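Thank you all for coming; I would like to walk you through one model this morning, taking the sheet first, then the helices, and then the place where the chains meet.

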Amino acid sequence: MTQPDGKFILEVRGLSKHFGGVTALHRCSLALEPGKIFSLIGPNGSGKTTLFNLITGVERRDEGEIYFKGERIDHLAPHKINWKGIGRTFQLIGVFPELSTLENLLVVARSDWKSAEQRALELLRFVKLDNLRNEFAGNLSYGQQRLLEFARVLMIDPELILLDEPAAGVNRTLLNDLLCAIRDLRSQGKTILIVEHDMKVVMGLSEKIFVLDHGEKLVEGEPSLIQSDPRVMEAYFGR
Amino acid sequence: MKQLAAMLALSLLVGVAAIPFYATNYVVTFTLQIFMWIALAQSWNLISGLTGYVSFGHVAFFGTGAYTAAILISKAAWHWLPASLFGSVTAAFLALIIGYPCLRLRGPYFAISMLGLNEVVRALVSYFESFTGGGSGITLSPMYTILPLYYAMGGVSLAALLITYWIVNSRFGLRLLAIRENEVAAEAMGVNTAGLKLYAFLISAMLPGIAGGIYARYVTHIEPLGTFPLLTTITMIVMCLFGGRGTVFGPILGATLLSIFQEMVWARFLFFHEALFGAIIVFVILLMPRGILGVLQQHYRLPRTI
């Protein structure tokens, strides 16, 4: 097995995952250069969220290797992978409903309490939830919970951010803010991998797109190439 | 406001501490039992109320503490106080052995494994007859006065309150609550869920360990069936749920109110009180799953840390 290439922040090699008789991922490989925005698209059940779960250690792989900054991470517990610098949001929102909006951010902070509180309030202002800081997260709307989850990822300042359908349920005004924030993160040198069904968002943000179908990587390339690739059309709409 | 609350708390503390000087023996004994239930409900709250891992075997730690103290007192001539404190060490050791593998189980599997633990410990206690007295149990010499036990049990319940207050107001407590709310998300966001659950479990086992030791000295006779009853675990669960799981004062409220209720009902309806207790369980689970404090928190926007 060759050594991981140092120019990639994340390298996934031949990753496979089965759930009983269902193949969720089959020998999937991809590599992300640092400081760019990538998207992962594909029809429902193509293995996008499974790939996120394997990268973050939430699920264990059956085969394959995952390297983060040249270091193998596929055997690590999820919290250790997070400590290495990978943060994520969830497809089914993963906020802590009976904690307040502010506590949802404080709970993941690693700095001292005072500076953590300051940073949390800044982030809540950024996602326009600062007036709801003492509200239970479970009482927020679906879109607000998505934004809270996004703010929570920023709280830990990871180098690689995995966003699972960040635009789902977010209204247009807030969505524009969210897209600006994602671009802003890129300009700060962060690497972002997005799973998204909104093609406008995907095409507008991404520098490179990976397309999955039936657990296998179908194609990868720049948005213009992906848009015109007949294999992608076939995966989404059939022959 | 804070000063007023501190004054009220101090007055209550002095009032409760002075009970043996102005109340009847019956009231003193009854208050000692309330202290014990507060410590047990609060200790259950530390693992199950905060992390959501429902323990159906918490009485195993209570029984382990009781037997540890009784053996040390009867066979090694220890004073009851260090013997009771040592009960927390054996209870924590048991929690470490069982917690390390079992806290990896989720949902009902953990609850069932804890239920099994209680049965295993009870069987072991019955089996090692030469050491534990088997089914006959261990008898200790009676004490001249229960006053020291009253203050010791009161101290354990106060310690349980202070520990819970510290945990609920700390980042540790916040992370335990995050485990309860969404363990997968918490772990993926950097919370060391396995480690934190184990710490919480050890702390929650130590308190019943000490309470069990003091209880053994108080009743002067312990045997397996009476020391490891499932009903004790169920009672601490109901007390915690009734007062408010995951809160600081909920278990105190639940333990006090339900102890008074049980005492009143038991005295009047000798054969009916267990049915009424069962009705309370159904009532709490169906209509007040967050308990009294949980309901008050929701309606009056009280802080989570009460």
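Before the hairpin, one definition: two strands are taken to pair if DSSP finds at least two bridges between them. Please keep in mind throughout that this is a predicted model.

With that in hand, look at chain A, where E1(A) and E2(A) run antiparallel and are joined by seven bridges. In E2(A), Val22(A) is the bridge partner of Phe19(A), and the hairpin that these two strands form has two residues between the strands, with Gly20(A) taking a positive phi near 65°. On its other pairing, strand E1 (residues 10-19) of chain A meets strand E4 (residues 63-68) of chain A, again in the antiparallel sense, over five bridges, and here Leu10(A) has Phe68(A) as its bridge partner in E4(A).

Putting these pairings together gives an open sheet of four strands in chain A, with the order E2-E1-E4-E5 and antiparallel pairing. Strands E2 (22-32) and E5 (71-72) of chain A stand at the edges with a single partner strand each, so one side of each is left without a neighbour in the sheet.

Let me turn to chain B, which has 15 helices and two strands. Its radius of gyration is 19 Å, close to the 19 Å that the globule rule gives for 306 residues, so chain B is as compact as a globular protein of that length. The C-alpha trace of chain B spans about 50 × 45 × 40 Å along its principal axes.

Within chain B, I would single out helix H3 (residues 25-51) and helix H10 (residues 193-219), which pack with their axes 9 Å apart and at an angle of about 165°. Since angles over 145 degrees count as roughly antiparallel, H3(B) and H10(B) are therefore roughly antiparallel to each other, and their crossing is left-handed. The residues of this contact divide into 16 nonpolar, four polar and one charged; among those from H3(B) are Leu32(B), Met36(B) and Trp44(B), while H10(B) contributes residues including Phe201(B), Leu207(B) and Tyr215(B).

Finally, how many residues of chain B are in contact with chain A? There are 15, and they meet 19 residues of chain A. Helix H9 (residues 171-188) of chain B supplies ten residues, the largest share of the side of chain B that touches chain A. By residue class, that side of chain B divides into eight nonpolar, four polar and three charged.

Notes. Residues numbered from 1 in each chain as written. Chains lettered and ligands numbered in written order. Predicted model: local features only at pLDDT ≥ 70, side-chain atom pairs only at ≥ 80, totals over all residues. Contact = placed C-beta atoms within 7 Å. Nonpolar A, V, L, I, M, F, W, Y, C, P; charged D, E, K, R; others polar. Axes fitted to C-alpha atoms, helices over the stretch in contact; angles between N-to-C directions. Parallel < 35°, antiparallel > 145°, perpendicular 65-115°, else oblique. Left-handed = near helix turned anticlockwise from the far one by under 90°. Rg over C-alpha atoms; globule rule 2.2 N^0.38 Å.
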